[in-house]
Amino acid sequence: MIELDNVSYSYGGGELLSNVQMQLEPGSFHFLTGPSGAGKTTLLKLCYGALHSTSGRVRVFNMDVKGLDRDQTANLRRRVGVVHQDCRFLDHLPVIENIALPLTVSGRDTTGEDDNLRELLNWVGLAERADALPPELSGGERQRAALARSVILSPEVIIADEPTGNVDWEMSQRLLQLLVELNRMGKTVLIATHDLSLIRAAKNHVQARVLRISNRAVQLAGASL
Amino acid sequence: MSEGRIRKLFTGDAQADRVVPPSGFTAQLTLFVSGAMAFLTVFALALSLASGRLADRWASELARAATLRISAPADQRAAQTEAALTILNQTPGVASARALSVEEQAALLSPWFGTDAGLEALPVPQLIEVQADSTGYDARGLQLRLTAEVPGAVLDDHARWREPLVEAAQSLRLLGIVSILLIGGATAAMITLAANAALAANRQVIEVLRLVGALDSYIAHAFVRRFTLRALTGAASGVALGMIGVWLMPAASDEGGFLTGLGFQSWRWLLPLAIPLLAALVAFIATTRAARKRLEELS
């Protein structure tokens, strides 16, 4: 599904990631962990084409990400749902329209999707906030809205960058539960987090693998967590 | 651009339009600028059309008419006039030749001498009005023949008057055309600036749209549509006001000279109607280019 082959990435002078080997199988559930600044966000961005590797090859759905033009990159993003660390929305549109935004911009008719949209809002627990504007949402509500937006096009892969970064424990459990449910529906899930307790909690529900970035490389962490 | 895209530009996609927040004040500015520019274009167009018309009219009217002046002692004047008229009537290309009567000459001179000056007492030369037919005559040959047979005759074919007048009218027309081009360029520049400002102000919106998988064309379209429609409506109202202004100007009259008759004539009233379409085209191209450039800076 997503393959990184000998990938390196450097910002200006220093190398942030070097010779990364990574492979995500369809339907797998991965955590990506490591200290702050280790390159978790960078690695995720390489996976959905927001950044290009300095060397090595990133393949998503068997396509070389570097070879994609701007329109192909846009189409790739419709197949990979991303929950960004700083979930950004269109602040002038209500939550429900923001969640439907990927549908709108891909030119699909959203008029027939009302029921699905309501169902999705119920699933993330935002049914009552449907008409609120994004700035009126709490941190947890924003994260859930971002998750709903990332899955609206039914992507095959869901990438979440610190989805529980600024929410309380209860809310992070709820978000995790949603991601586990998506994985049970057959989606490939990759979550970057530095929250080890979240990873431990997940292991009770799903067979998750943990990748750790250390010394600029990605390693599969053992059962020690 | 396909027909479908043009149609989409005008009918629009309500949802696509909503993804970019409404811009309020800058929208009014774009409307105002394109309106003002269209208003000015109407006048520049009227000016260049009228001066073109003037140049043509002066050129043809003055070219067809000539004046023969006979300055001879009083006792020979009638004979020389007679001889000159005979020569003129024999010259191919001369449609008519007519000696002006005393009253007519007095009327011509009245602005300078008043009506009761008693022109009979003055040695006023006899004037003969010569009208050429459409083929024209050989002015130089005629002059030579007249010099030989009518010593007091001087042929004035108005070239001395005509050339600077026609030249002036032609440069006025050129000035009008240059003004229209400059106005078009200035409109393009201002819409580019406005579009760039709008794109910069909505940078975050554009980034969010890119992240959720919007194509560049989709994002650009939202901006291009707005600016094109604003330029179109702004220019349409500017043209309407400009045309009313031109229509209210006094009609051509002899008293007003070349300052009147600046309006449009017959089918040329349709020409200003092209201005809003051209303004929309200019806005379309300017915004498309600005949007493409901005989008390429984003991942």
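Start by selecting G125(A), a residue that counts as partly exposed because it has 15 C-beta neighbours inside 10 Å. You are looking at a predicted model, so treat every value on this tour as computed. G125(A) sits in the loop between α5 (114–123) and α6 of chain A. Now add V151(A) to the selection and draw a distance between the two C-alpha atoms: G125(A) and V151(A) are 15 Å apart in space and 26 residues apart in sequence.

**Stop 2: into helix α6(A)**

Next, click on A145(A), which lies in helix α6 of chain A. Is A145(A) buried or exposed? With 25 other C-beta atoms within 10 Å, A145(A) is buried. Show what surrounds this alanine: leaving aside residues up to four places away in sequence, A145(A) touches V95(A), N98(A), I99(A), L126(A) and L137(A). Pick V95(A) from that group and check the spacing. The two C-alpha atoms are separated by 7.2 Å, although A145(A) and V95(A) are 50 residues apart along the chain.

**Stop 3: helix α7(A) and its two sides**

Now select residues 169–184 of chain A to bring up helix α7, which has 16 residues. From its first C-alpha to its last, α7(A) reaches 22 Å, close to the 22 Å expected at 1.5 Å a residue. Colour the buried residues of α7(A), namely S172(A), L175(A), L176(A), L178(A), L179(A), L182(A) and N183(A). Turn the view so that you look down the helix axis. Why do these buried residues lie on the same side of α7(A)? They cover an arc of only 155 degrees around the axis, and that puts them on the same side of the helix. A general point helps here: an α-helix has 3.6 residues a turn, so residues three or four places apart point the same way.

Rotate to the other side of α7(A), and you will find E170(A) and R184(A), which are exposed. Then return to the buried residues and switch on their surroundings: they pack against β3 (29–33), α6 (139–151), β7 (157–161), β8 (188–192) and α8 (196–203) of chain A. Helix α6(A), the home of A145(A), is thus one of the elements that the buried residues of α7(A) pack against. Before leaving, select G186(A), which follows α7(A) and has a positive phi, near 100 degrees.

**Stop 4: the sheet of chain A**

Display the open sheet of chain A whose four strands come in the order β2-β1-β4-β5, with antiparallel pairing. Strands β2 (15–24) and β5 (63–64) of chain A stand at the edges; each has a single partner strand, so one side of each is left without a neighbour in the sheet.

Walk across the sheet strand by strand:

- Strand β1 (residues 2–10) of chain A and β2(A) run antiparallel and are joined by six bridges. Select V7(A) here, and its bridge partner in β2(A) is V20(A).
- Between β1(A) and β4(A), also antiparallel, there are five bridges. Here I2(A) stands opposite V60(A) in β4(A).
- Two bridges join β4(A) to β5(A), again antiparallel. V60(A) has M63(A) as its bridge partner in β5(A).

Zoom in on the turn between these last two strands: β4(A) and β5(A) form a hairpin with two residues between them, and F61(A) in the turn has a positive phi of about 50 degrees.

**Stop 5: over to chain B**

Switch to chain B, which holds ten helices and four strands. Of its 299 residues, 31% count as buried. Which strand order will you find in its open sheet? The four strands of chain B run β2-β3-β1-β4, with antiparallel pairing. At the edges stand β2 (94–99) and β4 (153–156) of chain B, each with a single partner strand, so one side of each lacks a neighbour in the sheet. On average, neighbouring strands of this sheet are turned by 20 degrees against each other, direction ignored. Select β2(B) together with strand β3 (residues 126–132) of chain B to see an antiparallel pair joined by five bridges. In this pair, S96(B) stands opposite Q131(B) in β3(B).

**Last stop: where the chains meet**

Finally, show both chains and select the contact, which takes 16 residues from chain B and 20 residues from chain A. On the side of chain B that touches chain A, the elements giving two or more residues are α2 (14–18), α8 (203–211) and α9 (216–248) of chain B. Helix α8(B) gives the most, with five residues. Colour this side of chain B by residue type, and you will see ten nonpolar, four polar and two charged residues.

Technical notes: Residues numbered from 1 in each chain as written. Chains lettered and ligands numbered in written order. Predicted model: local features only at pLDDT ≥ 70, side-chain atom pairs only at ≥ 80, totals over all residues. Contact = placed C-beta atoms within 7 Å. Nonpolar A, V, L, I, M, F, W, Y, C, P; charged D, E, K, R; others polar. Pairing = 2+ DSSP bridges. Expected span 1.5 Å × (residues − 1). Buried ≥ 20, exposed ≤ 12 C-beta atoms within 10 Å, placed from the backbone. Arc of directions from axis to C-beta. Axes fitted to C-alpha atoms, helices over the stretch in contact; angles between N-to-C directions.
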